[in-house]
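Student: I have not looked at this one before. Can we go through it together?
Tutor: Gladly. Bring up the view and ask away.

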Amino acid sequence: MNSDANPLLALAWTFALMSLFAVGGASAAIPEMHRVAVDVQHWLTDRQFADIYAISQLSPGPNVLIVTLIGYSVAGIAGALVATLAMCVPTAALALYVSRLLARSRQARWPALIQAALVPLSIGLMGASGFILAWTSDRTVAAALVTATAAVLASVTRLSPLWMLLAGGCLGFAGLIG
Amino acid sequence: MGWRSPNHRSRFFVMPPDSPPDAAPAPDLSTSASPSLIALFVAFAKMSLSGFGGVLVWARRGIVDQHRWMTADEFNETFALCHFLPGPNIVNLTFVFGSRFRGLAGAIAAFTGLVGPPVVIVTVLAALYQRYGEIDALRRILAGVSCAAIGLLISTVFRMMLPLIKRRDLIGTVILAAVFVAIGLLRLPLPAVLLVATPLSIAITVVMRWTDAA
């Protein structure tokens, strides 16, 4: 876990390890990414981390792209590629292996049981992600209001998320968020 | 990521564990035209590039509704598997899906389609950010977008919690809250928390199923 030697190795090791514990997907791993990238490795500041999260949300594609951005800010394009592959390939290989195993031995009860047990864990992790991100980046009342409004609108309406991101960007540009 | 229909899980549970998988002739319809490697790449690139704030909705739309490469049930089962395995769900799904049709080459083609184009886009954005990140207007816009994005994440959590609340799943809610406190408030390292919480949660679920069945 020491970042002194080769930053690419540190990235590969960090994200390969992290992905193995990322139950519930990349969003659930955000607290861990924050802890490692900001507190442990000092790759990013709090503000840079929040910015990177915003950029990853602004661009299309899977949520795992936040890892690409962390890699890029540590070691440029090579860092972006290494971090992305380290986060994706080991667990994808595992998924492939397990899916073939299950296709052969068709024990439908166990996947369902384990999945049921993991559901509260992954929701708790994602809740913690939202909380930590809100805590570190909503510095003003207006900012917290925008977050709350987007949360409510996305929960009760079928509005495309894109509109809320756009509205947030406009409010920010107008200097209303501070 | 936030996609999870309430009836999807219950359906999964009612299914008898020993139901013969090959009895239904349905897959012939869905898998009649096995997609080529290029078709896999293009389809996943399209899904990925339409996926602002999560690809899963688009993946389901593309695989089930548009291309009919899988039935809704097949998709649900594949996703359920990928959801309880570690790693980015949608990446796992892409890999498993691609391999089902074209082996490892199919997995790599689908994965490259899913991740390749957005990685290029996001890297360009990152380069712009590194160069112009200190410009005030850009900083303000990003701050606004980030506030809204966090709100979207919170709403996903809310939608995922709904089935638990509807079922009055007290134990699930307690586990959920404990994980939230450990990670969100106490900031404990994730591996340690999961090493304790995962076996505990599985054990509780198994015991509950037994007592329910008895």
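Student: Where in chain B is confidence lowest, and where is it highest?
Tutor: This is a predicted model, and confidence is scored per residue as pLDDT. In chain B, the low end is helix 1 of chain B, residues 6–14, with a mean of 38. The high end, at 92, is helix 8 of chain B, residues 170–185.

Student: Over which residues of chain B does pLDDT stay under 50?
Tutor: The model has 34 contacts beyond four places in sequence for this stretch. Where pLDDT is low, the predicted coordinates should not be read in detail. The stretch is residues 1–32 of chain B.

Student: What pLDDT does chain B average?
Tutor: In chain B, 83% of the residues score at least 70. For the complex, the predictor gives an ipTM of 0.76 and a pTM of 0.72. The chain B average is a pLDDT of 79.

Student: How many helices and how many strands are in chain B?
Tutor: Read the elements from the N terminus on: α-α-α-α-α-α-α-α-α. Chain B has zero strands, and its helices number nine.

Student: What share of the residues of chain B count as buried?
Tutor: Chain B has 214 residues. Look at its contacts too: with a separation of 6 or more, 55% are between residues 24 or more positions apart. The buried share is 43%.

Student: Which helix of chain A gives the most to the side that touches chain B?
Tutor: The contact takes 94 residues from chain A and 87 residues from chain B. Elements of chain A that give two or more residues include helix 1 (7–20), helix 4 (65–105) and helix 7 (161–173). The top giver, with 25 residues, is helix 5 of chain A.

Student: By class, how many nonpolar residues does that side of chain A have?
Tutor: Set the other classes out first. The side of chain A that touches chain B has 27 polar and six charged residues. Its nonpolar residues number 61.

Student: Why does Ala134(A) count as buried?
Tutor: Ala134(A) sits in helix 5 of chain A. A residue is buried if 20 or more other C-beta atoms lie within 10 Å of its own. Ala134(A) counts as buried because its C-beta neighbours inside 10 Å number 22.

Student: Which residue of chain B is in contact with Ala134(A)?
Tutor: Leave aside the neighbours of Ala134(A) within four places in sequence. In chain A, Ala134(A) then contacts Thr147(A). Ala50(A) is 84 residues away along the chain, with the two C-alpha atoms 9.2 Å apart. The contact in chain B is Ile150(B).

Key: Residues numbered from 1 in each chain as written. Chains lettered and ligands numbered in written order. Predicted model: local features only at pLDDT ≥ 70, side-chain atom pairs only at ≥ 80, totals over all residues. Helix = DSSP H or I, 4+ residues; strand = E, 2+ residues; numbered from the N terminus. Buried ≥ 20, exposed ≤ 12 C-beta atoms within 10 Å, placed from the backbone. Contact = placed C-beta atoms within 7 Å. Nonpolar A, V, L, I, M, F, W, Y, C, P; charged D, E, K, R; others polar. pLDDT = per-residue confidence, 0-100.
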